[in-house]
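Here's a quick tour of a protein model for you to follow along with. Keep the structure open while you read, and find each residue as it comes up.

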Amino acid sequence: MEFGQGAYVNSSYTISRTASTASIPGEYRLREEEPENVKKVNNLQNGDPIKIGIWSSTPSLDQNGNKYLPNDLASSSDLKPPKRDNWTNDIEFLMSCIALSVGLGNVWRFPFTALDNGGGAFVIPYLIVLFLVGKPVYYMEMLLGQFSSRGCVKVYDFSPIMRGVGYGQVLATGIVTTYYATLMALTLRYFIDSFYPLLPWSYCRQEWGELCIDSELNHKQQSTSSADIKTTSAEYYFINIILREKSSIDDGIGYPNWTLALTLAFSWLIISLIMIKGVRSSGKASYFLAVFPYCIMLVLLVRSLTLPGAFDGVLYFLRPQWNKLLDPKVWYAAVTQVFFSLAICFGNIIMYASYNRFSHNIKRDCTIITTLDTFTSLLSGIIIFGILGNLAYESKTSDIKSVVKGGPGLAFISYPDAIAKFKFLPQIFSVLFFLMLFVLGIGSNVGMASCLMTVIKDRFIHTKHWIIVVCIAVTCYCWGLVYITPGGQFILNLLDFYGASFVALVLAIFELLAVGWIYGVKRLCQDIHFMLGIQTSWYYRLCWGLITPALMAAILIYTLVQYEPLQYNGYFYQTGLYIFGWCISAFGIGQLLFWAVYAILRSPGDCFWDRVKTAFKPKCDWGPLDGNNLQIYKYHINELKIEAMFRRNGFWYRIYDNIFG
């Protein structure tokens, strides 16, 4: 029986329908070399030798019609995989993933998302969604990256027709990377301003008029006219001094703020220095980026819980509103919070895992990271609402929600406003808080920029690493200047929805379908057993095959049904900008079609339908990067294919077998 061109089986070998197919590196051992470049691989089922011949120097086709490179199944000395960086140790990978996933979304997005969606009751749907969406997808992307040692584009060699998912995710990640760095620029500006003897956002300027009240005065100043609405100096400072924001962009977006241009340049300088040597440098920086924010959080936690009224704020945060559990908006908020907090389906996790050693225990790391992400969100909520409880106490009000302004400006309006009211050295807490935000943001931004770098490096293997880093930094910096203009926040809001959030949501569904049903849950579980030597539980199988894709599809349908024209602070964009936004979405999602056509045209086959079928199958070099592991893996897969010939065949059985087989 032949195993494709150049490989054959000893005639005494027979396949048993009931034989175990368990195969992991180490279960097979190479025997002494035979003449003419032929190796024997021991079959654990019955001990009979399997002879695997060396491929000729002429490229040939495998049983799927894919081209093999010369010596595709040669010995490790003949197989020389492309050089690829690796983490110095396993801890660096864990720390880097923590720095990537634990970011601004945990500190300022989660607490108020929870408050608006049931308070303590929101934790229940959040944990359910984390269990059914966040953890399974995080583990799946870790597995794909580590198993193949490929970035988020080349990983789709398991089904070339779906490579557009990777390119679309790179586009979304690129957009997020450009504007995420501008948030670091804003944070750095506030960090610098925190060293003033008097916090510059704590008092009103003369040009802001009588409707401004000092943030440090606990809102005790009130207008004599009920028609007048007071605005804090912190909000005036952010809008008029930091952003110089316009009321509309009908006449253009204006020119960049030179101070923010400098802080943005410094942010990209820090990111570039961390990335300059790839994972060898970013891995070292991850210790600081992952651990330091927690040191500051502990300081802020102790201080916030010792403030008068703090426990009222914490109880307000954790008090359940059970009626909210029946609201679909709450579940939508839970999915989006988990989705973007863990940074899944953006290609970042696949990229980081691709630098792991082949047998690293990523199941353990997945549990640690997803649990820590949830813990950080809850910890941040306790800290923030402890401070807000004190703010309500000082303001002589029991309505904690009324003392803070939510939304995108939360980190730069509400928090500075609350810090300005501290009676004892508010500068210290301001420095600590914005330093924490800056470090959290840098950790996430390094991960996203590294994803772009990996895709480029995988394509241009011989390009010097520092050249790619500099090109990414300069390009993203120039584009980031758009966001620090007077109309920059309007553009940021537009691109965030149409270019990042919506595109990532659609592509996430196709990613799950590609892995769960094209490549197959069963095949993925076989790869896990080959790589780690562990069996996959029904929990992961059901999530990958059914539950998670269904939940993500429901969220997409809900998004489309509830869609309303995007607006920013009550401003509706011009029609041309809506068209531009949908064009960006179409371009990102359209990568699916473009690269599907490309894959079909490049696939071998006698007719169009043969090309299509081949494009759905893994490429000939799909598998571990290491030559020895790849050789064993190819034999292992061929063995499984032979055994599959003796199994039942039918539509419903194939569905059952894909999930539970």
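Let's start with a pair of cysteines: in this predicted model, Cys204 and Cys212 are joined by a disulfide, with their sulfur atoms 2.0 Å apart. The structure has one disulfide. After that pair, we'll look at some other cysteines, then the nonpolar core, and finish with two helices.

**The disulfide**
- The link of Cys204 and Cys212 is left-handed, with -90 degrees about the S-S bond.
- Are the two partners buried or exposed? Cys204 is partly exposed, at 22% relative accessible area, while Cys212 is buried, at 7%.

**Other cysteines**
- Why does Cys478 have no bond to Cys476? The closest cysteine sulfur to that of Cys478 is the one in Cys476, but it sits 9.4 Å away, so it's too far for a bond; the cut-off for a disulfide is 2.5 Å.
- Cys478 is also partly exposed, with a relative accessible area of 46%.
- Cys620, on the other hand, counts as buried, at 7% relative accessibility.

**The nonpolar core**
- How many residues does the largest nonpolar core have? It has 195.
- Residues with the most contacts inside this core include Tyr138, Tyr139, Met142 and Phe433, and Trp544, Met552 and Tyr573 are also among them.
- Helix α15, which covers residues 488-532, gives this core its largest share, 27 residues.
- Take Tyr139 as an example: leaving out residues up to four places away in sequence, Tyr139 touches Ile362, Lys363, Cys366, Ile528, Leu532, Ile534, Tyr540 and Trp544.

**Asp373 in helix α11**
- Asp373 is found in helix α11, which runs over residues 362-394.
- Asp373 is buried because its relative accessibility is 0%, and the cut-off for buried is under 20%.
- What does the side chain of Asp373 make a polar contact with? Its partner is the side chain of Asn106, at 3.0 Å.
- Not counting neighbours within four places in sequence, Asp373 is in contact with Ser101, Val102, Asn106, Tyr126, Ser341 and Leu342.

**Helix α21**
- Which residues of helix α21 (residues 651-660) are buried? They're Asp657, Asn658 and Ile659.
- These buried residues of α21 pack against α15 and α16, the second of which spans 538-561.
- You've met α15 already: it's the helix that gives the largest share of the nonpolar core.

Conventions: Residues numbered from 1 in each chain as written. Predicted model: local features only at pLDDT ≥ 70, side-chain atom pairs only at ≥ 80, totals over all residues. Heavy atoms only, no water. Core = buried A, V, L, I, M, F, W, Y, C linked by side-chain atoms within 4.5 Å. Buried < 20%, exposed > 50% of the residue type's maximum accessible area, 1.4 Å probe, protein only. Helix = DSSP H or I, 4+ residues; strand = E, 2+ residues; numbered from the N terminus. Contact = heavy atoms within 4.5 Å. Polar contact = N/O pair within 3.5 Å; in protein donor to acceptor, adjacent residues only side chain to side chain.
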